[in-house]
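Trainee: Could you walk me through a structure and show me how the terms are earned?
Mentor: Happily. Let us look at the model together.

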Amino acid sequence: MKLLMRAIALSGTLNYASCFALPPPEQIVISEHVKAKLQENDDLVRGCAGYEFPHVVCINHYGSVIKGDFERKVLDGYADSYASTLTPGDSSFGFVSEATFLVFDPVRGRQILGPSPLFDFMFSLPNFTHEGPVYVPDTNELYFARVKPGFLPQLVVNLSATPPTLSEKLADPPIYAGTGGRYKNGEIIYATISGDGSLGGNSFRPGLYALDVKSGKSRTLLNNYYGYYFSSMDDMDIDAKGQIWCTNNDYGRGDSVNTQPPQMGAGTFRFDPQTGQPALVENSLQQPNGIAFSPDYRTLYITDTGAGEVTISPFVPAPRIHWNATKARAIYAFDVDASGKHLLNKRPIYQAMEYAADGIKISRDGYLLAATGHGIDVLTADGTPVVRVQTNFTVANLAWVGTGEGQLGELWAVGRMGVARVKWALKGR
Ligand SMILES: *[C@@H]1O[C@H](CO)[C@@H](O)[C@H](O)[C@H]1NC(C)=O
Ligand SMILES: *[C@@H]1O[C@H](CO)[C@@H](O)[C@H](O)[C@H]1NC(C)=O
Ligand SMILES: *[C@@H]1O[C@H](CO)[C@@H](O)[C@H](O)[C@H]1NC(C)=O
Ligand SMILES: *[C@@H]1O[C@H](CO)[C@@H](O)[C@H](O)[C@H]1NC(C)=O
């Protein structure tokens with residue numbers, strides 16, 4: 001059993017079937033060259049005691065000193081990766097490209113990864129962004145959206161099947177480009193970025209919608225601000241009182257799923273489904289995007305993806321999202337005030353090491369998980385990176401998945417062209 005786990009852990013990006021195939025023993029022999037590398041203490045990248053190398057690598061001192069000269073090329077319009085850094089004076093850095101898990105804090109890293117962290121690439125998907133993953137524990141399904149012009153069904157993973165299967169379900173009326181969602185009392189509450197006056201006989205406006213997963217019927221919670229269209233209701237979370245906190249940005253147009261130019265600036269809103277009142281709570285971020293509460297609801301995290309620039313113009317179709325590395329790429333933390341209605345003490349806590357933090361989720365014990373470019377960052381509550389999971393596709397959003405003893409013991413990541421899952425010691429909430 002031990003050998004099997006070691007073999008699985010070594011093979012990095014796995015597909016489901018390969019979990020059951022034991023690789024030949026020579027594949028898990030560590031070469032003399034690698035053993036020597038593990039012992040060189042001043043290397044930036046080294047082995048982590050107890051883990052297969054280079055499936056898991058430790059980054060010395062947050063990589064703060066690169067030997068010799070180096071360059072991480074920032075290409076116009078293209079988001080570069082940490083692994084793309086050129087380090088001619090430090091050959092150990094090459095192992096970053098081969099690793100699935102980068103560990104920045106070996107002690108906390110061990111608590112997060114457990115003895116044998118697994119990464120499985122689950123589904124290869126068409127070249128669109130996949131978003132808004134929501135786990136439905138009652139049916140053991142994962143719902144997510146494809147952000148594709150005119151694409152209306154939800155994609156649904158049956159997690160009870162082995163291997164899990166993917167199908168489409170169409171809500172009545174449809175929910176178009178639901179890019180953020182949470183499950184509550186039999187319903188998925190969605191934030192949507194789509195706007196189209198007539199698509200398949202329906203009109204769509206960015207806002208908040210609820211989908212009853214048993215009946216497939218949907219209802220509208222919020223579709224306007226005193227008559228104005230929202231621009232793109234991108235993501236949301238729900239506080240302990242049931243108020244929905246949601247980010248309104250400009251990406252629906254850049255993603256070609258909203259035909260309407262913005263009528264209001266980007267901002268974060270609080271919506272009370274009891275009274276129906278929408279209220280602006282934050283309007284200093286360039287493109288507020290991922291949003292999640294700490295486990296005690298006292299802190300709200302909001303990401304700013306302003307580095308993904310959108311052109312504000314009335315032109316249809318709108319120009320595509322353009323990457324500008326010098327613009328906003330930070331996660332902010334805010335305190336929720338005693339009334340539970342306002343945000344105080346805005347502070348940046350982390351600048352994404354790749355791309356900009358898109359969707360975020362929180363672990364049971366308060367770690368902050370952020371979809372950042374080709375991977376997922378695991379941060380402490382104050383924004384210190386502990387582990388980075390590297391993927392071969394751009395991750396847009398995350399969901400905790402799983403029933404039974406290991407309740408919410410898997411993290412699923414959806415994004416451009418793919419879906420993957422991580423199994424480790426961290427649990428969701
Ligand atoms: C990512 O890797 C998986 C295999 O692990 C492969 O099936 C998939 O096509 C790759 N995706 C991309 C976008 O390269
Ligand atoms: C995916 O689509 C984007 C934008 O349409 C394009 O720039 C990129 O080259 C495509 N990638 C692949 C692998 O087809
Ligand atoms: C999910 O898969 C399980 C096991 O294969 C099957 O029994 C169940 O009917 C499937 N659920 C749906 C909704 O298809
Ligand atoms: C990126 O944004 C900066 C302002 O932060 C601007 O000066 C620059 O021209 C932009 N670059 C591109 C390539 O759009």
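Mentor: This is a predicted model. The protein is divided into domain 1, covering 2–113, and domain 2, covering 120–423.

Trainee: How far apart are the C-alpha centres of domain 1 and domain 2?

Mentor: Those centres lie 30 Å apart. The contact between the domains takes 21 residues from domain 1 and 21 residues from domain 2.

Trainee: What makes two residues count as in contact?

Mentor: Their C-beta atoms, placed from the backbone, have to lie within 7 Å.

Trainee: Which elements give two or more residues to the side of domain 1 that touches domain 2?

Mentor: They are β3 (101–103) and α4 (106–113). Of the elements, α4 gives the most to that side, with 4 residues.

Trainee: How many nonpolar, polar and charged residues does that side of domain 1 have?

Mentor: By class, it has 13 nonpolar, 6 polar and 2 charged residues.

Trainee: Now for single residues. Why is H61 called exposed?

Mentor: Set the value against the cut-off: a residue is exposed if 12 or fewer other C-beta atoms lie within 10 Å of its own. H61 has 9 C-beta neighbours inside 10 Å, so H61 counts as exposed. You will find H61 in the loop between β2 (56–59) and α3 (95–98).

Trainee: What is phi of H61 near?

Mentor: Phi of H61 is near 50°, a positive value in a residue other than glycine. L408 also has phi near 50°, again positive and again in a residue other than glycine. The place of L408 is the loop between β29 (395–401) and β30 (410–415).

Trainee: Why is L408 called partly exposed?

Mentor: Try the cut-offs again: 20 or more neighbours would make a residue buried, 12 or fewer would make it exposed, and in between it is partly exposed. L408 has 18 C-beta neighbours inside 10 Å, which falls in between, so L408 counts as partly exposed.

Trainee: Let us turn to peptide bonds. What is omega for the bond from T162 to P163?

Mentor: Omega is near -5° there, and the peptide bond is cis. P163 sits in the loop between β7 (154–158) and β8 (165–169).

Trainee: Which kind of peptide bond joins D172 and P173?

Mentor: A cis peptide bond joins them, with omega about -10°. As for its place, P173 lies in the loop between β8 and β9 (178–184).

Conventions:
Residues numbered from 1 in each chain as written. Chains lettered and ligands numbered in written order. Predicted model: local features only at pLDDT ≥ 70, side-chain atom pairs only at ≥ 80, totals over all residues. Domains from an automatic or database assignment. Nonpolar A, V, L, I, M, F, W, Y, C, P; charged D, E, K, R; others polar.
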